[in-house]
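Trainee: I have this one open on my screen and would like to go through it with you. Where should we start?

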Amino acid sequence: MSGSQDGIKLTNRPSQDNTKLANNDMPLYSKSSASLLLGSEELSNYSDTIVIGTVKEINPSKWNSINGKRPDGIDSFSLENLIYTDITISVEKYLKNPSSAKEITVRLDGGTVGNDTLKTDYEPTFKPGEKVLLFLTKDVTIGTSNIEPKHLRVTGCMQGKFTLTDDGKAVRPDKTVSQDELLNAIEK
């Protein structure tokens, strides 16, 4: 069963003992900001750093609680109670605000912990081994900004992630450009 509102969906998969969440059709809160379309120049200006790298690992999802597990008494998602997933990126090149870090962590809303799944339609998706160009910003989200490890968020949600292909293209769900065109726009 699932409930949804503004791009976030709660899916409760029955466990082996058929335990289910109470009120699992309750509307959920979304903080989606992906409706504001950003061009390459705006993505660059709003980003704290821009990197080219490879997805090294998609880490296990966690609740944003002290122990990473579902808090007692929670039957819906909110800014204070949500599931997130950290993605480890091996950095090949910094295009804005270089750092000596060879790896960075990118945090996304969504994931599965036990029987609880938070799905978002505004966050980008990642695959291990995928070569990406990422526009990144500091996490200022109420529910996850203070949870270690140090991490960044994708600027403009899915708009700030491009998959770099072997044939020289930079691809995201709504746009395909040449890598050279994208790099030129960033350098302006």
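Mentor: Let us start with a term: two strands count as paired if DSSP finds at least two bridges between them. Please also keep in mind that this is a predicted model.

Trainee: Fine, so how many bridges join β3 to β9, and which way do they run?

Mentor: Strand β3, which covers residues 49-58, is joined to β9 by six bridges, and the two run antiparallel. One example to find on your screen is Gly53, whose bridge partner in β9 is Val132.

Trainee: And what about β3 to β5, how many bridges there?

Mentor: There are eight bridges between β3 and β5, and that pair also runs antiparallel. Within it, Ile58 stands opposite Ile87 of β5.

Trainee: Changing topic, which peptide bond is cis?

Mentor: The bond from Glu148 to Pro149 is cis, with an omega near 5°, and Pro149 lies in the loop that connects β9 (131-138) with β10 (152-154). For background, most peptide bonds are trans, and most residues other than glycine have a negative phi.

Trainee: On phi, then, what is the value for Asn97?

Mentor: Phi of Asn97 is near 55°, which is positive although the residue is not a glycine. You will find Asn97 in the loop between β5 (83-96) and β6 (103-109).

Trainee: Is Asn97 buried, exposed or partly exposed?

Mentor: Asn97 has a relative accessible area of 47%, and because the partly exposed class runs from 20% to 50%, the residue is called partly exposed.

Trainee: What about Cys157, what is its phi and where does it sit?

Mentor: Cys157 likewise has a positive phi, of about 55°, without being a glycine, and its place is the loop between β10 and β11 (161-164). With a relative accessible area of 10%, Cys157 is buried, because that value falls under the 20% cut-off.

Trainee: Last topic, pockets: what is the volume of the second largest one?

Mentor: The second largest pocket has a volume of about 330 Å³. Its lining is made of 14 residues, and those closest to the centre are Thr49, Ser99, Ile104, Lys150 and Leu152.

Trainee: Which element gives the largest share of that lining?

Mentor: That is β6, which contributes three residues to the lining of the second largest pocket.

Trainee: And how does the lining split by class?

Mentor: The lining of the second largest pocket holds five nonpolar residues, five polar ones and four charged ones.

How values were computed:
Residues are numbered from 1 along each chain as its sequence is written. This is a predicted model: local features need pLDDT of at least 70, side-chain atom pairs count only at pLDDT 80 or more; totals for chains, interfaces and linings use all residues. Side-chain values use heavy atoms; hydrogens and water are left out. Helices (H or I, at least four residues) and strands (E, at least two) are DSSP runs, numbered from the N terminus. Buried means under 20% relative accessible area, exposed over 50%, partly exposed in between (1.4 Å probe, protein chains only). On a 1 Å grid over the protein atoms alone, a cavity is a set of points where a 1.4 Å probe fits but cannot get out, and a pocket is an open set with protein on both sides within 12 Å along at least five of seven lines; lining residues have an atom within 4 Å of a point. Grid points are joined across faces, edges and corners, and a volume is the space filled by probe spheres set on the points. Ala, Val, Leu, Ile, Met, Phe, Trp, Tyr, Cys and Pro count as nonpolar, Asp, Glu, Lys and Arg as charged, and the others, Gly among them, as polar.
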